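Visitor: Hi! Could you walk me through this one while I have it open on my screen?
Guide: Happy to, let's put it up.

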Number of protein chains: 2
Amino acid sequence: MTTYNIGVEATMEIIGGKWKAIILCHLRHQAMRNGELRRAIPQITQKMLTQQLRELEHDGIISRTVFDQIPPHVEYALTARGDSLSGLLNQLCRWGEALIDSRRAAGEQITLRHRDDVNLLPPEDAHGAENQKG
Amino acid sequence: MTTYNIGVEATMEIIGGKWKAIILCHLRHQAMRNGELRRAIPQITQKMLTQQLRELEHDGIISRTVFDQIPPHVEYALTARGDSLSGLLNQLCRWGEALIDSRRAAGEQITLRHRDDVNLLPPEDAHGAENQKG
DNA sequence: TGCCTTACGCACCTTTTAGTGCCTATGGAG
DNA sequence: CTCCATAGGCACTAAAAGGTGCGTAAGGCA
């Protein structure tokens, strides 16, 4: 018998850890191959990527599709259940972006490579200019 | 120079880990004392609670107010920046609740003590073509 | 005096998570 | 033949996260 005190515990079991939320954020927009994910997340090791993908697959969040080719071709994509996380993942990205903005505005040396969307952070920062993606 | 590839990395640095999101979820509704949080999160140890609260305070997410009394009285509350997480925290709770519901519906022995809100998860879904390598 | 309360520091130990290096398989290019 | 690319298994090690136990402070109370 598994007992949770509050729903967030179950959510964090699935998207917690250093890599899972990052992987899922990349998979929001399109299915990706192992190598594409590795390039999108340069710091991750092959071992960790495989391990995290296996766990997400086991939890029913992503699907793994093997194209029987040489060299191997495997694609990972969000399942319906994974897709139900996309609003949450968007918010995780946007909140982080706003945090980075406000820290940079406060003089910290911070950069962000891939921006998703815009500001939703509090007072410390007057709201900034909006940024359109192409 | 700190560099992030995607916003979610910054967010997870702050609410990641086993306890932080849980603590923040409890603080969404009211300020709480050390002992209240400990009772609300029975599995956490005093050391971990203190440590996580310190980190959240350092990150500007919660405030720590000391009432100069004997015995000591200290209250923790979300700051404006912490409060900007509340929508996100609500979603983390609700998604987890929906996941627990669907697992219980699938026959798993799962319970949830404190419920926040309702369903936003999809039905158990068959995922796409999944080939197995042999 | 000795024990209650609350909050929390610190040293030490265990468990979990993450990283490194080496190995397989296959067909084509050189 | 050897090397390339792709995906990833497996053994071992390093680092981070988490847990245990003990000590402090200061006033109230039996």
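Guide: Below we go through the chains, the domains and the DNA, one topic at a time. This is a predicted model, in which local features need pLDDT of at least 70, side-chain atom pairs count only at pLDDT 80 or more, and totals for chains, interfaces and linings use all residues. Residues are numbered from 1 along each chain as its sequence is written, chains are lettered from A and ligands numbered from 1 in the order in which they are written, and side-chain values use heavy atoms, with hydrogens and water left out.

Visitor: Thanks. What rotation superposes chain A on chain B?
Guide: A rotation of 180 degrees, with 0.0 Å of shift along its axis, and the RMSD is 0.1 Å. That is the relation of a two-fold axis. The superposition is by least squares on the C-alpha atoms of residues with pLDDT of at least 70 in both copies.

Visitor: And how many residues does the contact take from chain A and from chain B?
Guide: Chain A gives 58 residues and chain B gives 56, where contact means heavy atoms within 4.5 Å. The same surface serves both copies, since 86% of the contact residues of chain A recur in chain B.

Visitor: What area is buried between chain A and chain B?
Guide: About 5,200 Å², with carbon and sulfur atoms giving 61%. Buried area is the accessible area (1.4 Å probe) that two parts lose on being put together, summed over both. On the chain A side, Asn5(A), Arg81(A) and Trp95(A) supply 15% of the area buried against chain B, more than any other three residues.

Visitor: Switching topic: which domains does chain A have?
Guide: The assignment gives domain 1 (7-79) and domain 2 (85-121); such bounds come from an automatic or database domain assignment. Their C-alpha centres lie 22 Å apart in chain A, and the contact takes eight residues from each of the two domains.

Visitor: What do domain 1 and domain 2 of chain A bury between them?
Guide: About 680 Å², 76% of it on carbon and sulfur atoms. Ile15(A), Cys25(A) and Arg28(A) supply 59% of what domain 1 of chain A buries against domain 2, more than any other three residues.

Visitor: Now the DNA. Which residues are closest to strand C?
Guide: Lys18(A), Lys47(A), Arg54(B), Arg64(B) and Tyr76(B), out of 18 residues that surround DNA strand C. A residue is near a strand if one of its heavy atoms lies within 4 Å of it. Of the atoms of strand C within 4 Å of the protein, 69% belong to sugar or phosphate and the rest to bases.

Visitor: Which elements supply at least two residues each there?
Guide: α4 (46-58) of chain A, plus α3 (34-40), α4 (46-58) and β4 (73-78) of chain B. Those are DSSP runs numbered from the N terminus: helices are H or I with at least four residues, strands are E with at least two.

Visitor: What lies 2.3 Å from a phosphate oxygen of strand C?
Guide: A polar side-chain atom of Arg64(B). A polar backbone atom of Gly35(B) is 3.1 Å from a phosphate oxygen of strand C.

Visitor: And which residues come nearest to strand D?
Guide: Asn34(A), Arg54(A), Arg64(A), Lys18(B) and Lys47(B), of 18 around DNA strand D. Sugar and phosphate account for 71% of the strand D atoms that come within 4 Å of the protein. A polar side-chain atom of Tyr76(A) is 2.9 Å from a phosphate oxygen of strand D.

Definitions and conventions. A polar contact is a pair of N or O atoms within 3.5 Å; within protein, one must be able to donate a hydrogen and the other to accept it, and residues adjacent in sequence count only if both atoms are side-chain atoms.
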